[in-house]
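Student: Please take a close look at one strand and its pairing, then place that part in the wider assembly. A connected account would suit me better than a list.

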Number of protein chains: 4
Amino acid sequence: MTEIAGKAHEFTIRVYWEDTDAGGIVYHANYLNFMERGRTEMLRDLGLGQGALQARDGLTFVVRRMDLVFDRPAVLDDLLVVETFVAEIGGASMTLGQRVLKDGAVLASATVVIVAIAEGKAKRIPADIRSLFLGDE
Amino acid sequence: MTEIAGKAHEFTIRVYWEDTDAGGIVYHANYLNFMERGRTEMLRDLGLGQGALQARDGLTFVVRRMDLVFDRPAVLDDLLVVETFVAEIGGASMTLGQRVLKDGAVLASATVVIVAIAEGKAKRIPADIRSLFLGDE
Amino acid sequence: MTEIAGKAHEFTIRVYWEDTDAGGIVYHANYLNFMERGRTEMLRDLGLGQGALQARDGLTFVVRRMDLVFDRPAVLDDLLVVETFVAEIGGASMTLGQRVLKDGAVLASATVVIVAIAEGKAKRIPADIRSLFLGDE
Amino acid sequence: MTEIAGKAHEFTIRVYWEDTDAGGIVYHANYLNFMERGRTEMLRDLGLGQGALQARDGLTFVVRRMDLVFDRPAVLDDLLVVETFVAEIGGASMTLGQRVLKDGAVLASATVVIVAIAEGKAKRIPADIRSLFLGDE
């Protein structure tokens with residue numbers, strides 16, 4: 001595996017009523033939606049929209065592991081930043097670091113292992129896609 | 001179209017944190033989840049699970065119209081009853097009446113038009129399925 | 001009540017995995033989330049963020065009625081526009097028209113009646129807020 | 001901290017359209033909803049419904065950490081079992097183990113750290129509630 005020292009991808013998200021719960025804060029599971037949006041936008045910015053991935057032998061990335069820490073709550077109308085960076089790339093998997101921040105303070109963070117699959121089976125990440133993540137190109 | 005005087009199907013649902021919003025009540029869009037569960041369970045009780053429907057030439061029912069009234073809010077931990085009854089059956093569509101109740105009081109109600117589709121196109125509801133809804137069998 | 005001939009408010013939304021269902025399309029209830037975001041952003045653009053509304057004697061707008069038509073499905077990665085316009089303003093309620101479009105084609109539309117409430121009861125919409133919607137200012 | 005050798009609490013959940021995504025499987029974040037329902041029902045079975053907890057000086061349990069593994073996908077109509085057991089009880093926190101199973105096979109599992117809070121601050125878990133979890137009563 002290779003350590004990647006790269007700049008984190010940033011994506012801004014607004015908190016709506018749908019994201020909150022009766023505790024008056026963002027419902028914990030919804031941070032996973034925010035993080036998924038962050039990963040999707042990072043892929044899109046690398047030219048890897050879902051369509052492009054699917055066209056690559058039906059490639060999809062699925063979440064295998066997720067270690068989450070919830071530090072501080074977000075509330076309605078908050079403007080959050082989702083940071084995503086590639087920590088490691090293995091054969092068929094990648095480890096990402098993600099953080100959800102408000103005004104520079106970390107609200108939630110996660111280490112996420114995603115696996116490339118095609119036709120239901122783990123698949124080696126193609127070299128050119130690997131290069132994109134490594135910033136070789 | 002045919003008026004059907006039948007007994008409403010009943011399905012019980014518990015309200016969890018995920019269903020609520022920062023207003024301290026069930027988020028309005030989530031009543032549509034409750035109603036969809038009610039319709040799915042009515043179909044299942046008629047022997048029309050998704051698998052059985054799919055096996056019928058890939059048949060699915062999709063929502064075309066929905067007229068909703070929100071009367072009273074549900075809150076965390078409420079035990080709700082979703083009532084579903086068939087109001088009318090047309091060629092490729094059905095009109096259902098649905099109500100979400102708590103302790104006999106109506107919280108939300110809807111008239112729902114669903115359409116049978118297969119391969120993306122409206123499809124005539126098969127005679128035996130029609131009979132099930134009409135209570136002929 | 002007063003007819004308002006105004007320009008529709010527009011808000012752009014991206015479709016993510018969380019919005020889709022196993023039918024490969026956006027799950028019908030999630031259009032209500034999109035429409036709620038559209039209404040919230042229209043209010044924000046009028047200077048009526050949730051904070052500002054709450055500061056007005058704890059004012060909130062809740063959905064009382066919603067008549068929905070689902071015309072065409074949206075899919076993953078679609079970029080949608082939510083249009084919102086004020087159709088009528090009554091004493092404590094407003095009727096809004098909303099449409100979700102993709103590339104100019106209407107995917108879903110709704111007539112939405114929202115009611116101003118404070119402390120759980122319907123409340124007359126304050127004159128200055130009414131003016132904002134009427135475009136008097 | 002104290003190891004607790006107890007029987008896992010079990011709660012059954014049906015998979016509906018709302019739970020799935022365009023990949024044809026249950027969307028990963030929705031397992032957190034299933035697990036939250038399992039925790040809530042475990043508390044309820046111990047006599048600790050949200051109302052009872054709130055009446056205890058406004059006590060709530062919030063999720064602080066969650067280490068998740070996603071093994072196999074669930075699909076529409078699956079009947080799942082959520083297992084929940086108390087692994088450790090600290091002063092203001094508890095560690096739970098949770099598993100989502102289908103026909104005895106583990107689909108997803110998690111270690112969850114929840115913290116008792118009241119008025120926004122961590123609060124020592126009352127002795128009688130601790131006893132309930134320890135099975136002393």
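Tutor: In this predicted model, strand β4 of chain D, residues 79-89, is joined to β5(D) by eight bridges, and the two run antiparallel. One of the pairings sets I89(D) opposite M94(D), its bridge partner in β5(D). The connection between β4(D) and β5(D) is a hairpin with three residues between the strands.

On the other side of the chain order, β5(D) pairs with β6(D), residues 105-118, through 10 bridges, again in an antiparallel arrangement. Here L96(D) has V112(D) of β6(D) as its bridge partner. β5(D) and β6(D) also form a hairpin, with two residues between the strands, and D103(D) in this hairpin has a positive phi near 50°.

How much of β5(D) is buried? Seven of the 10 residues in this strand, which spans residues 93-102, are buried, so β5(D) is largely enclosed by the rest of the structure. The cut-off for buried is under 20% relative accessible area. In a regular strand, side chains alternate between the two faces of the sheet.

The fold around such a strand can be described from chain A. Chain A has three helices and seven strands. Read from the N terminus, its elements follow the order β-β-α-α-β-β-β-β-β-α. The radius of gyration of chain A is 15 Å, close to the 14 Å that the globule rule gives for 137 residues, so chain A is as compact as a globular protein of that length. Along the principal axes, the C-alpha atoms of chain A fill a box of roughly 45 × 30 × 25 Å. Of its 137 residues, 58% are buried. Among the contacts in chain A with a separation of 6 or more, 67% are between residues 24 or more positions apart. The accessible surface of chain A is about 5800 Å², and carbon and sulfur atoms account for 49% of that area.

In chain A, the strand numbered β5 is also one of the elements against which the last helix packs. Helix α3(A), residues 127-134, has I129(A), R130(A), S131(A) and F133(A) buried. The buried residues of α3(A) pack against α1 (30-45), α2 (50-55), β3 (60-70), β4 (79-89) and β5 (93-102) of chain A. Just after α3(A), G135(A) takes a positive phi of about 75°.

Now the relations between chains. Two copies of a chain are related by a rotation about an axis and a shift along it. For chain D and chain C, a rotation of 180° with 0.0 Å of shift along its axis superposes chain D on chain C, with an RMSD of 0.0 Å. That is the relation of a two-fold axis. D21(D) is the residue of chain D that comes closest to this axis, its C-alpha lying 1.9 Å away.

Eight residues from chain D and eight residues from chain C take part in the contact between these chains. Together they bury about 730 Å², with 72% of it on carbon and sulfur atoms. On the chain D side, W17(D), A22(D) and Y27(D) lose the most area to chain C, together 59% of what that side buries. Of the interface residues of chain D, 100% are also interface residues in chain C, so the copies meet through the same surface.

Chain A can likewise be laid on chain D, by a turn of 180° and a shift of 0.0 Å along the axis, with an RMSD of 0.0 Å. The C-alpha of chain A nearest that axis belongs to D67(A), at 2.1 Å. The same surface serves both copies here, since 100% of the contact residues of chain A recur in chain D. This contact involves 16 residues of chain A and 16 residues of chain D. About 1500 Å² is buried between chain A and chain D, 53% of it on carbon and sulfur atoms. H28(A), R64(A) and F70(A) lose the most area in chain A to chain D, together 30% of what that side buries.

Chain A also touches chain C, as T40(C) illustrates. T40(C) lies in helix α1 of chain C, residues 30-45. Its relative accessible area is 7%, so T40(C) is buried. Leaving aside residues up to four places away in sequence, T40(C) touches Y16(A), W17(A), D77(A) and Q50(C).

Definitions and conventions
Residues are numbered from 1 along each chain as its sequence is written. Chains are lettered from A and ligands numbered from 1 in the order in which they are written. This is a predicted model: local features need pLDDT of at least 70, side-chain atom pairs count only at pLDDT 80 or more; totals for chains, interfaces and linings use all residues. Side-chain values use heavy atoms; hydrogens and water are left out. Buried means under 20% relative accessible area, exposed over 50%, partly exposed in between (1.4 Å probe, protein chains only). Helices (H or I, at least four residues) and strands (E, at least two) are DSSP runs, numbered from the N terminus. Two strands pair if DSSP finds at least two bridges between them. Copies are superposed by least squares on the C-alpha atoms of residues with pLDDT of at least 70 in both. Contact means heavy atoms within 4.5 Å. The radius of gyration is taken over C-alpha atoms; the globule rule is 2.2 Å times the number of residues to the power 0.38. Accessible areas come from the Shrake-Rupley method with a 1.4 Å probe; for residues, only the protein chains shown count as cover. Buried area is the accessible area (1.4 Å probe) that two parts lose on being put together, summed over both.
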